[in-house]
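Hi,

As promised, here is the structure we talked about. Have a look at it first, and then read on for my notes.

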Amino acid sequence: MWRHYRDVRRIMLNPEKSEALRERRLADMLTYAKGHTRYYSGISGNSLTDFPVVDKNMIREAFNDFIVVEKNNYICHRTSGSTGTPFPAYQDKSGNIRRIATVKAGNEEFGFHSCMPMLYLRSLELPEKDGSLLRYEKDQNIWFCYIPAYDDITLSGVVKLIFDRHIRFVKGYASLIERLTDFIDRKSVVLPRGLVFITISEILTENVRSRIVDKLGLHVISQYANEENGLLGQSVLDGPGNIFRLNKANCIMELLELDSDVPVAPGQPGRVVLTDLTNKAMPLIRYDIGDVAVCIQTLPSGEPLVIQLLDYRRY
């Protein structure tokens, strides 16, 4: 864990000085994918552009061709299916540890240290097997709370939990955080100063961000991630919820034209296409994740470093 954490932090803090290292890791991954999967075995070139762009539907159609060995040996991260059919992505043990280390490194940037009390709000997942809407993970000091409805009784229970358990961070879908913000604002609830909302999976609107920061006197940060690749980047604390500085430790990002696999011109919107540098169970090379973004700042190589996200998960 700590070896991965130190490596991720080093690249996060100084991505410009890490470009040569990332290029070597990219070359290693391309060679590995060609030598260990049926799907990529026929590719003769060694450049990233020699590989085809793929998406979830293409992977589903030839799923076993992307797996290196029997999937039972690996950890499965499954998308929720909120925009379609749930999609399983497998990861080897080392890649999964790095995924956890990356989240830790990202959290450290805004003061969220391991085992600080957090409330994780869920709206899509089913309740616990025993019917409970609440689960506590003692080793992480995280309360997982299932939200079946957005009524005042449920949201007042969430607020009570924040006070009773001395919660410092509240994580959830941007739309769920918006509902909670509406309730807090309407009921004139004064939450503990320093509380940080962490929004995921949806774009946080400027209206909600402004209300959290300027009206309620709280903090908010947006994290950009998916189940297949982990944490991709995050916003500045209290900054716009659709502008992300990217985590360059684990992925190469391309922005390609909406109707072709050609790189977009500067300032133009493009499809977000990722190449994972760490997953040796199910290599994802030039994987179109369904998002649309505009590049705001690049590395010397031209690769995006800061993006403005325009559209989330079109498929």
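The sulfur of Cys 295 lies 16 Å from the closest cysteine sulfur, that of Cys 251, which is too far for a bond. A disulfide would need the two sulfur atoms within 2.5 Å. This is a predicted model, and the structure holds 0 disulfides. Cys 251 is likewise in no disulfide, with the sulfur of Cys 295 as its nearest cysteine sulfur. As for their surroundings, Cys 251 is buried, with a relative accessible area of 6%, whereas Cys 295 counts as partly exposed at 22%.

From Cys 251 you can step across to Arg 286. The two are 35 residues apart in sequence, and their C-alpha atoms are 10.0 Å apart in space. Arg 286 sits in the loop between strand S12 (270-276) and S13. Is this arginine buried or exposed? It counts as buried, because its relative accessibility is 5% and the cut-off for buried is under 20%. What does its side chain reach? One partner is the backbone oxygen of Phe 51, at 3.0 Å. Another is the side chain of Glu 254, which Arg 286 meets in a polar contact of 3.0 Å. Leaving aside residues up to four places away in sequence, Arg 286 touches Leu 48, Thr 49, Phe 51, Pro 52, Val 53, Val 54, Glu 254, Leu 256, Asp 261, Val 273, Leu 274 and Thr 275.

Now for the charged pairs. The structure holds 21 salt bridges, and I picked out a few for you.

Start with Asp 7 and Arg 25, whose side chains meet in a salt bridge at 2.9 Å, N to O. This pair links distant parts of the chain: Asp 7 belongs to helix H1 (residues 2-13) and Arg 25 to helix H2 (residues 19-36), with their positions 18 residues apart in sequence. Asp 7 counts as buried at 7% relative accessibility, while Arg 25 is partly exposed at 26%.

Next come Glu 303 and Arg 22, with a salt bridge of 2.9 Å, N to O, between their side chains. Here too distant parts of the chain are linked, since the two residues are 281 apart: Glu 303 is in the loop between strand S13 (287-298) and strand S14 (304-311), and Arg 22 is in helix H2. Both ends are buried: Glu 303 has a relative accessibility of 9%, and Arg 22 has a relative accessible area of 2%.

Then there are Asp 65 and Arg 38, whose side chains form a salt bridge at 2.7 Å, N to O. This pair joins two loops, 27 residues apart: Asp 65 is in the one between helix H3 (56-61) and strand S1 (75-78), and Arg 38 is in the one between H2 and H3. Asp 65 is partly exposed, with a relative accessible area of 24%. Arg 38 counts as exposed at 55%.

Which residues do salt bridges with shared partners join into one network? They are Asp 7, Arg 10, Arg 25 and Arg 98.

Arg 98 deserves a stop of its own. You will find Arg 98 in helix H4 (residues 93-108), where it is buried, with a relative accessible area of 6%. Its side chain is joined to that of Asp 7 by a polar contact of 2.7 Å. A polar contact with the side chain of Asn 250 has a distance of 2.5 Å. If you leave out residues up to four places away in sequence, Arg 98 touches His 4, Asp 7, Val 8, Ile 11, Arg 25, Ala 249, Asn 250 and Thr 278. Asp 7 and Arg 25, the salt-bridge pair above, are thus among the residues that Arg 98 touches.

Finally, a look at the surface. Helix H4 also holds Ile 100, which is partly exposed, with a relative accessible area of 42%. Together with Met 1 and Trp 2, Ile 100 forms a nonpolar patch on the surface, and the three share about 310 Å² of accessible area.

Happy to go through any of this with you.

Best wishes

Definitions and conventions
Residues are numbered from 1 along each chain as its sequence is written. This is a predicted model: local features need pLDDT of at least 70, side-chain atom pairs count only at pLDDT 80 or more; totals for chains, interfaces and linings use all residues. Side-chain values use heavy atoms; hydrogens and water are left out. Helices (H or I, at least four residues) and strands (E, at least two) are DSSP runs, numbered from the N terminus. Buried means under 20% relative accessible area, exposed over 50%, partly exposed in between (1.4 Å probe, protein chains only). A polar contact is a pair of N or O atoms within 3.5 Å; within protein, one must be able to donate a hydrogen and the other to accept it, and residues adjacent in sequence count only if both atoms are side-chain atoms. Contact means heavy atoms within 4.5 Å. Patches are made of residues with over 30% relative accessible area and no salt bridge: like charges are joined within 9 Å, nonpolar side chains (Val, Leu, Ile, Met, Phe, Trp, Tyr) within 5 Å. Accessible areas come from the Shrake-Rupley method with a 1.4 Å probe; for residues, only the protein chains shown count as cover. A salt bridge is a side-chain nitrogen of Lys or Arg within 4 Å of a carboxyl oxygen of Asp or Glu.
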